[in-house]
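Here are a few exercises on charged side chains and the company they keep. Grab a viewer and work through them one by one.

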Amino acid sequence: MIASTACAAGKGAPENSYDEFAIAQMERIVLDLKAMYRERNDALREVTRAHHDALLRLSRAAEYRDDDTGVHIVRIGFLSEALALMLGEGKTFARLLRNAAPMHDVGKIGIPDHVLKKPGALTPDERAVMNRHPEIGAEILGRSRIPLFQLAAEVALCHHERWDGTGYPRGLAGDAIPLSARIVAVADFCDALTMDRCYRDAFTPAQALDMLSAQRGKAFDPRVVDRFIAKADELFALRARIDAAPPSHDELLMAA
Ligand SMILES: [Fe+2]
Ligand SMILES: [Fe+2]
């Protein structure tokens with residue numbers, strides 16, 4: 001009897017301590033995995049921020065070549081994001097578009113000054129040179145596996161395509177034009193019209209909306225135009241907020 005009791009106790013004790021050991025081991029593994037997961041996410045966030053940082057600096061460089069202060073490209077990003085959300089697109093796409101849209105004219109880096117900064121009308125040859133900026137932009141940004149750069153390349157290549165197929169560089173029409181570029185084209189058009197240029201004063205929001213609706217189904221996707229017009233108050237208020245307090249480079253990175 002004694003032997004069998006001792007045997008039972010002897011069997012039970014190692015099993016219990018083995019269980020405790022296994023549980024402790026498992027808990028350690030779970031904690032290690034959690035820590036690794038956190039580190040991996042932090043690293044991914046850092047990489048994403050680095051991509052955005054590089055893109056932001058590149059778009060600043062492009063903007064310096066143009067006749068603007070740099071706030072235009074920031075506004076284009078936020079307006080495109082808001083418009084994408086208003087069209088029912090997901091938050092991930094909208095946010096990516098906010099960061100990609102400012103790059104639409106990066107190809108102007110490759111356009112010579114005598115064309116880019118010419119005060120008067122361009123000759124047909126100069127126009128042909130100027131119209132290469134979407135392809136140059138796509139070349140600068142393209143052939144990347146980074147989703148942000150891929151979307152930025154798509155926007156840069158297609159932002160001068162027109163809904164009616166008479167745009168450039170490929171003469172795409174309708175839905176063949178990526179939605180990203182259809183959204184950025186409308187945001188760019190409205191934002192550019194409502195800012196002062198060296199050759200003209202800013203148009204009022206009402207004038208810009210008239211000009212936008214005149215291009216409905218011609219230059220621009222009717223659905224995007226309708227959405228912009230329906231939400232114009234909100235969009236112009238967003239634009240004014242950015243103008244009143246333009247986010248710094250670091251703030252833009254934090255929001256990426
Ligand atoms: Fe452009
Ligand atoms: Fe622009």
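A polar contact here is a pair of N or O atoms within 3.5 Å, where one must be able to donate a hydrogen and the other to accept it. Keep in mind that this is a predicted model.

**Exercise 1.** Find the polar contacts that the side chain of Asp-191 makes with the side chains of Arg-75 and Arg-239, and place Asp-191 in its surroundings.

*Solution.* Start with the address: Asp-191 sits in helix 8. Next, check the surface. Asp-191 has a relative accessible area of 0%, so it counts as buried, the cut-off being under 20%. Now look at the side chains: Asp-191 reaches Arg-75 at 2.6 Å and Arg-239 at 2.8 Å. Finally, list the company. Setting aside neighbours within four places in sequence, Asp-191 touches His-72, Arg-75, Ile-76, Leu-79 and Arg-239.

**Exercise 2.** Which residues are linked with Asp-191 in a network of salt bridges?

*Solution.* The network takes in Arg-75, Asp-191, Arg-239 and Asp-243. Zoom in on one of its links: Arg-239 and Asp-243 pair up with N and O 3.5 Å apart, inside the 4 Å limit for a salt bridge. These two are four residues apart in helix 11 (residues 232–244), so about one helical turn separates them. Then compare their surroundings: Arg-239 is buried at 9% relative accessible area, while Asp-243 is partly exposed at 36%.

**Exercise 3.** Asp-221 and Arg-182 form a salt bridge. Work out how close they get and whether each is buried or exposed.

*Solution.* First the distance: the closest N and O atoms of Asp-221 and Arg-182 are 2.7 Å apart. Then their places: Asp-221 is in the loop between helix 9 (205–214) and helix 10 (222–230), and Arg-182 is in helix 8 (residues 179–193), so the pair ties together parts that are 39 residues apart in sequence. Last, the surface: both come out buried, Asp-221 with 4% relative accessible area and Arg-182 with 11%.

**Exercise 4.** Which residue forms a salt bridge with Asp-164, and how many salt bridges does the count come to?

*Solution.* The partner is Arg-162, with the closest N and O atoms 3.2 Å apart. Check accessibility next: Asp-164 is partly exposed at 34%, and Arg-162 is partly exposed too, at 26%. For the tally, the count comes to 14 salt bridges. The general idea behind such pairs is that side chains of opposite charge can pair when their charged atoms come close.

Methods. Residues numbered from 1 in each chain as written. Chains lettered and ligands numbered in written order. Predicted model: local features only at pLDDT ≥ 70, side-chain atom pairs only at ≥ 80, totals over all residues. Heavy atoms only, no water. Salt bridge = Lys/Arg side-chain N within 4 Å of Asp/Glu carboxyl O. Buried < 20%, exposed > 50% of the residue type's maximum accessible area, 1.4 Å probe, protein only. Contact = heavy atoms within 4.5 Å.
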